[in-house]
Amino acid sequence: MAKLAGNNAAITGGGRGIGRAIALLFAREGANIAVVDRDVSAAEATTADIRALGRSAIAVRVDVGHENEVAEGFHSVARELGDVDILVNNAGIDTTSRVVDMPTEMWDEMIRIHLRGVFLCTRAVLPGMLRRRRGRIINMSSQLAHKGAAEMAHYAAAKAAIIGFTRSLAYEVAEHNVTVNAIAPGPVDTDLFRKIPEDWRKRKLAEIPMHRPATVDEIAPTALLLASEEGGYYLGATLNPNGGDVMV
Ligand SMILES: NC(=O)c1ccc[n+]([C@@H]2O[C@H](COP(=O)([O-])OP(=O)(O)OC[C@H]3O[C@@H](n4cnc5c(N)ncnc54)[C@H](O)[C@@H]3O)[C@@H](O)[C@H]2O)c1
């Protein structure tokens with residue numbers, strides 16, 4: 001029996017990397033999928049692969065940090081796919097700079113996409129989840145939220161804030177049968193990780209007991225657990241598929 005049959009899932013940043021792997025795994029488990037991404041051609045490539053699996057899928061062009069785009073994008077999801085049962089807040093970017101040299105714009109853009117984006121997309125789907133007493137929200141953090149890293153203060157700060165948001169929202173919605181949890185992966189072999197300067201990546205992989213990044217298929221099953229019936233007792237938790245980088 002498919003684990004997500006009868007569910008509609010919206011995956012932000014589902015056009016590539018971890019989000020794409022989650023979208024495909026959820027579809028294989030019976031969910032219909034909205035791929036919400038600012039890169040619409042990447043989102044369309046994911047939806048084509050999902051339709052080939054026999055599920056419904058729509059691509060929606062949204063910058064998750066832009067209030068009007070989020071409101072309009074999630075209206076079209078409701079119209080074209082139906083109510084969202086599962087939201088995966090996964091869209092993200094990566095830049096590097098020491099704090100002493102960091103332009104304010106770099107700081108603001110990181111916080112806007114990661115933190116404002118998680119807030120805006122969550123707020124867009126919450127009224128429906130609370131009304132229907134049914135919902136799962138899964139927020140993509142990072143092991144850098146626990147550990148920090150030089151040249152990534154803006155990223156680590158945003159990812160730590162996502163954990164605080166996850167826990168706080170969990171208190172607000174649990175009695176309405178909505179769960180909120182986070183995933184804090186270690187390095188994952190995606191475009192985002194490959195774009196980081198090579199010396200930074202080498203240092204990072206040297207620190208990790210496994211000395212290798214995860215594949216996207218080693219992260220997506222954690223999202224499936226949190227979205228499925230079997231994951232129903234996780235609340236405000238942060239799950240850590242991180243190759244032993246932070247043993248929590
Ligand atoms: N790759 C890693 O090493 C790693 C480790 C820990 C956490 N993460 C987190 O996992 C998530 C996914 O990362 P990934 O490695 O798959 O990245 P990726 O670059 O492969 O894919 C990110 C996707 O998000 C989309 N996106 C970026 N900004 C957006 C915006 N403002 N609005 C809508 N869509 C947007 C991109 O178009 C892309 O399709 C991110 O939140 C990232 O911070 C990644």
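Helices, as runs of at least four residues, and strands, as runs of at least two, are DSSP runs that are numbered from the N terminus. By that numbering, A9 lies in strand 1, and V180 is found in strand 6. The model described here is a predicted one, and the points below take up two helix pairs, the buried side of one helix, two residues in strands and two residues in loops.

**Helix 1 and helix 2**

- Helix 1, which covers residues 17–28, packs with helix 2, which covers residues 40–52, at an angle of about 20°, and their axes are 10 Å apart.
- Because angles under 35 degrees count as roughly parallel, helix 1 and helix 2 are roughly parallel to each other.
- Helix 1 passes helix 2 in a crossing that is right-handed, and the contact is made by R20, A23, L24 and A27 on the side of helix 1 and by T46, D49 and I50 on the side of helix 2.
- Sorted by character, the residues of this contact between helix 1 and helix 2 are four nonpolar, one polar and two charged.

**Helix 3 and helix 4**

- The axes of helix 3 (residues 67–80) and helix 4 (residues 104–132) cross at roughly 35° and come within 10 Å, and this crossing of helix 3 and helix 4 is right-handed.
- From helix 3, the residues E67, V70, A71 and F74 meet L120, C121, A124 and V125 of helix 4.
- The residues of the contact of helix 3 with helix 4 comprise seven nonpolar, no polar and one charged.

**The buried side of helix 9**

- Helix 9 spans residues 220–227, and within it A220, A223, L224, L226 and A227 are buried.
- These buried residues lie on the same side of helix 9, because they cover an arc of only 165° around the axis.
- The elements that cover the buried residues of helix 9 include helix 1 together with strand 1 (8–12), strand 4 (86–89), strand 5 (135–140) and strand 6 (178–183).

**A9 in strand 1**

- A9 has 27 C-beta neighbours inside 10 Å and therefore counts as buried, since a residue is buried if 20 or more other C-beta atoms lie within 10 Å of its own.
- Not counting residues up to four places away in sequence, A9 touches L4, F26, A31, I33, D85, I86, V88 and A227.
- One of these partners, V88, is 79 residues from A9 in sequence, while the two are 7.6 Å apart in space, C-alpha to C-alpha.

**V180 in strand 6**

- V180 has 28 other C-beta atoms within 10 Å, and so V180 is buried.
- When neighbours within four places in sequence are left aside, V180 is in contact with I137, T166, L169, A170, V173 and G236.
- V180 and T47 are 133 residues apart in sequence, and in space they are 25 Å apart, C-alpha to C-alpha.

**Two loop residues with positive phi**

- E151 lies in the loop between helix 5 (144–147) and helix 6 (153–173), and although E151 is not a glycine, it has a positive phi of about 75°.
- E151 counts as partly exposed, because it has 17 C-beta neighbours inside 10 Å.
- H211 lies in the loop between helix 8 (198–207) and helix 9, and H211, although not a glycine, has a positive phi of about 55°.
- H211 is exposed, with 10 other C-beta atoms within 10 Å, because a residue counts as exposed if 12 or fewer such atoms lie within that distance.

Notes
Residues numbered from 1 in each chain as written. Predicted model: local features only at pLDDT ≥ 70, side-chain atom pairs only at ≥ 80, totals over all residues. Axes fitted to C-alpha atoms, helices over the stretch in contact; angles between N-to-C directions. Parallel < 35°, antiparallel > 145°, perpendicular 65-115°, else oblique. Left-handed = near helix turned anticlockwise from the far one by under 90°. Contact = placed C-beta atoms within 7 Å. Nonpolar A, V, L, I, M, F, W, Y, C, P; charged D, E, K, R; others polar. Arc of directions from axis to C-beta.
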